[in-house]
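Reader: Hi! I'm new to this one. Could you show it to me and walk me through it?

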Amino acid sequence: MRKALYLILTIGLFSCENEKLPVTPGSVSISNVVLENYVNEYTQEVSVQVNEDNITINSTGLPDHKTPYWGEGHEMFEAFPGSNHANMNTSMISFNYSMTIPTNPNESSYKEETELGPVGMALNGVPIYNDYEGGGVLQENAWGTFDASGGHPGPREDYHYHSEGTYLTVNDAELIGFLRDGFPVYGRKDMDNSYPDNLDENGGHTGPTADFSDGIYHYHVSNEVYSTSGLYVIKSGAYHGTKGTFTQ
Ligand SMILES: [Zn+2]
Ligand SMILES: [Zn+2]
């Protein structure tokens, strides 16, 4: 009993000391922005749980906008853009996605490369993928199956985004989601309507955004056209912070 009390006092002392440390730009709390922005008004299936250290976002992964992958006859069906066409999947299905990210994301000294699979989650609960597909980097056989939002389902009928597109972000400064390390990702522009010119090799930099006026590390959709696709890929390279879990 006395030992327990001593432990609590010691922890208390340490946290007081921590509170006096200057706040670094990377240690801002993202809870309010996550709570205010994660919503899927169509499926009503996005929920957020905030704890002291972590935030968990749950979703089905189904979008809140039109796409041909809802299937012909569905109220949210729309045709493919241009000459694009369905991939091996003509439809998409629900998952029980759960992404857990740090409440106070911080830079990691080791920059882990992003891999195939979900690297983050858009505000409507749809997973964000990087510039890789099952067979390697994105090729025309993949981007030729994108809908107008830069999304398509993978082999498991798992819908996800790779690039900028309608309903998500088009040449703007919109917050589109958070990556697995807890840092936000924005469209190609900063909030002053300029294109950032000091992005690091992982597509991010520290500065103010519409949601974090005191500044935070944030990613941007790439402002370079990807290969011959005419598209702007959301994320490539490594995470700035330590990635959290993304389960299904
Ligand atoms: Zn894909
Ligand atoms: Zn920026």
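**A walk through the model**

Author: Happy to! Let's start with strand S10 (residues 175-179), which is mostly covered: five of its five residues are buried. Keep in mind that this is a predicted model.

Reader: Which strands does S10 pair with, S4 for instance, and in what sense?

Author: Strand S4 (residues 120-122) pairs with S10 in the antiparallel sense, over three bridges. Within that pairing, Ala122 has Gly177 of S10 as its bridge partner. S10 is also joined to strand S11 (residues 184-186) by three bridges, and these two run antiparallel. There, Gly177 has Val185 of S11 as its bridge partner.

Reader: And how many residues lie between S10 and S11?

Author: Four, and the two strands form a hairpin. In the turn, Gly182 has a positive phi of about 90°.

Reader: You mentioned Val185. Is Val185 buried or exposed?

Author: Val185 is buried, because 24 other C-beta atoms lie within 10 Å, and 20 or more is the cut-off for that. Leaving out residues up to four places away in sequence, Val185 touches Gly120, Ile176, Gly177, Phe178, Leu179, His218, Tyr219, Ile234 and Lys235.

Reader: How far apart are Val185 and Leu175 in space?

Author: Their C-alpha atoms are 6.1 Å apart, while in sequence the two residues are 10 residues apart.

Reader: Nice. Changing topic: where is Gly204?

Author: Gly204 lies in strand S12, which covers residues 204-207. Gly204 is buried, since it has 25 other C-beta atoms within 10 Å.

Reader: What does Gly204 touch?

Author: Not counting residues up to four places away in sequence, the contacts of Gly204 are Phe183, Leu199, Tyr217, His218, Tyr219, His220 and His240. Two of those names, His218 and Tyr219, also appear among the residues that Val185 touches. As for Tyr239, which is 35 residues from Gly204 along the chain, the C-alpha atoms of the pair are separated by 9.5 Å.

Reader: Let me zoom out. How many helices and strands are there?

Author: The protein has three helices and 14 strands. Of its 248 residues, 37% are buried. Taking contacts between residues at least 6 apart in sequence, 62% join residues at least 24 apart.

Reader: Do tell me about a sheet. In what order do the strands of the four-stranded open sheet come?

Author: The order is S1-S2-S3-S14, with antiparallel pairing. Strand S1 (47-50) and strand S14 (245-247) stand at the edges; each has a single partner strand, so one side of each is left without a neighbour in the sheet. On average, neighbouring strands of this sheet are turned by 15° against each other, direction ignored.

Reader: How many bridges are there between S1 and S2?

Author: Four, in the antiparallel sense. Gln49 stands opposite Thr56 in S2, and a hairpin through three residues joins S1 to S2.

Reader: And over how many bridges do S2 and S3 pair?

Author: Six: strand S2 (residues 54-59) and strand S3 (residues 97-102) pair in the antiparallel sense. One of the partnerships there puts Ser59 with Tyr97 in S3.

Reader: Back to phi for a second. Which sign does phi mostly have outside glycine?

Author: Most residues other than glycine have a negative phi. Gln44 has a positive one, near 60°. Gln44 sits in the loop between helix H2 (31-37) and S1, and it is exposed, because only 10 other C-beta atoms lie within 10 Å and 12 or fewer counts as exposed.

Reader: What about Asn171, what is its phi?

Author: Asn171 has a positive phi of about 50°, although it is not a glycine. Asn171 is in the loop between strand S9 (159-161) and S10. With 13 C-beta neighbours inside 10 Å, Asn171 counts as partly exposed.

Reader: Last one: what is the mean pLDDT of the protein?

Author: The mean pLDDT is 91, and 90% of the residues reach 70 or more. Over residues 1-23, though, the pLDDT is below 50, and in the model this stretch has zero contacts beyond near neighbours in sequence. Where pLDDT is low, the predicted coordinates should not be read in detail.

Definitions and conventions
Residues are numbered from 1 along each chain as its sequence is written. Chains are lettered from A and ligands numbered from 1 in the order in which they are written. This is a predicted model: local features need pLDDT of at least 70, side-chain atom pairs count only at pLDDT 80 or more; totals for chains, interfaces and linings use all residues. Two residues are in contact if their C-beta atoms, placed from the backbone, lie within 7 Å. Two strands pair if DSSP finds at least two bridges between them. Axes are lines fitted to C-alpha atoms, for helices over the stretch in contact, and angles run from 0 to 180 degrees between N-to-C directions. pLDDT is the predictor's confidence in each residue, from 0 to 100.
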